[in-house]
Amino acid sequence: KAAAVSIPVYFHVISKDSTLAGGNVPDSQISRQIAVLNEDYGSSGLGFSLAGTTRTVNANWFSNVGPDSTLQTTMKRQLRQGGSNALNVYTVAFGRAVDDGLLGYATFPSDYSSNPTEDGVVMLYAALPGGSATGFNLGRTLTHEAGHWVGLYHTFQGGCRGTGDQVSDTPPEASFATGCPTGRDTCSGGGVDPIHNFMDYSDDACMSEFTPGQITRFASQLRTYRGISI
Ligand code: ARG
Ligand code: ZN
Ligand code: CA
């Protein structure tokens, strides 16, 4: 079915030089990434369309824009476009942080009004569809990060107890899953772990769903904080 709402997406390619190895990803990978978003969110009625692409050569940003760094604030101040409904995506290398497994980070809808310029997703360029990040090159990193950007928490939030991810139809999970384990069940009751959920940490090929409860939550978050009605 046709998406009711289309989110404008601004892609900001940060590279250390003009080569692909230096992070200067081609337009073809960006359009494949938009297609993956539309596929993964399609059943919710949320669509995405490329509104613009910028390219910046800056070796410092490329390697050092980690979460909460002042450098990422500087970068976003110069590049961010659009209002509360616009998804800005910055592709970088993360330098040493990538050794800790960092694929991306995102801001939440509820943070938009207090900090509009920081709003958006920063992700590893190698995690775009067709990139070199083994196990993570089908485009699900942006599906996952956009999940935070629309207001979802991780499925393993809060472990086996408490309010968890604030969604009632995602079974509780003690910790994040890696790879694509069979029959993983880390909390008694509630069913097996939601390893196929986009908001776990499984490999891209293992991820395939948002639950109805997650869609209800992000529809509400988008309406409240981003002025988007699905
Ligand atoms: N670790 C990242 C985060 O916490 C993203 C995980 C994405 N997973 C994937 N299979 N691409 O936001
Ligand atoms: Zn996450
Ligand atoms: Ca269980």
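## Ligand 1 and its contacts

In this predicted model, a nitrogen atom of ligand 1 lies 2.7 Å from a polar side-chain atom of Asp204. Of the accessible area that ligand 1 has on its own, 350 Å², the protein covers 92%. Two further polar approaches involve oxygen atoms of the ligand: an N or O atom in the side chain of Glu145 is 2.4 Å from an oxygen atom of ligand 1, and a polar side-chain atom of His144 lies 3.1 Å from an oxygen atom of ligand 1.

The surroundings of ligand 1 comprise 14 residues, and the closest of these are Thr141, Glu145, Tyr201, Ser202 and Asp204. As for its location on the protein, ligand 1 sits in the largest pocket.

## The zinc ion

His144, which has a polar side-chain atom 3.1 Å from an oxygen atom of ligand 1, is also a donor to the zinc ion (ligand 2). The protein donors of this ion are the NE2 atoms of His144, His148 and His154, and they lie 2.0 to 2.1 Å from the zinc. Along the sequence, the donor residues follow the spacing H-x3-H-x5-H.

Two of these histidines can be described by their accessibility, for which buried means under 20% relative accessible area. His148 counts as buried because its relative accessibility is 8%, and His154 likewise counts as buried because its value is 15%.

## The calcium ion

The calcium ion (ligand 3) is coordinated at 2.2 to 2.6 Å by an OD atom of Asp185 and by the O atoms of Cys187, Gly189 and Gly191. The sequence spacing of these donor residues is D-x1-C-x1-G-x1-G.

For two of the calcium donors, the relevant range is that between 20% and 50% relative accessible area, which is termed partly exposed. Asp185 has a relative accessibility of 44% and therefore counts as partly exposed, while Gly189, at 46%, is placed in the partly exposed class as well.

## Confidence in the model

The protein chain has a mean pLDDT of 95, with 97% of its residues reaching 70 or more. For the complex, the predictor gives an ipTM of 0.93 together with a pTM of 0.96. Where pLDDT is low, the predicted coordinates should not be read in detail.

Conventions: Residues are numbered from 1 along each chain as its sequence is written. Chains are lettered from A and ligands numbered from 1 in the order in which they are written. This is a predicted model: local features need pLDDT of at least 70, side-chain atom pairs count only at pLDDT 80 or more; totals for chains, interfaces and linings use all residues. Side-chain values use heavy atoms; hydrogens and water are left out. pLDDT is the predictor's confidence in each residue, from 0 to 100. Donors are N, O and S atoms within 2.8 Å of the metal (3.2 Å for Na, K and Ca); water is not among the atoms, so sites may look incomplete. Buried means under 20% relative accessible area, exposed over 50%, partly exposed in between (1.4 Å probe, protein chains only). A residue is near a molecule or strand if one of its heavy atoms lies within 4 Å of it. A polar contact is a pair of N or O atoms within 3.5 Å; within protein, one must be able to donate a hydrogen and the other to accept it, and residues adjacent in sequence count only if both atoms are side-chain atoms. Accessible areas come from the Shrake-Rupley method with a 1.4 Å probe; for residues, only the protein chains shown count as cover. On a 1 Å grid over the protein atoms alone, a cavity is a set of points where a 1.4 Å probe fits but cannot get out, and a pocket is an open set with protein on both sides within 12 Å along at least five of seven lines; lining residues have an atom within 4 Å of a point. A molecule sits in a cavity or pocket if more than half of its atoms lie within 2 Å of its grid points.
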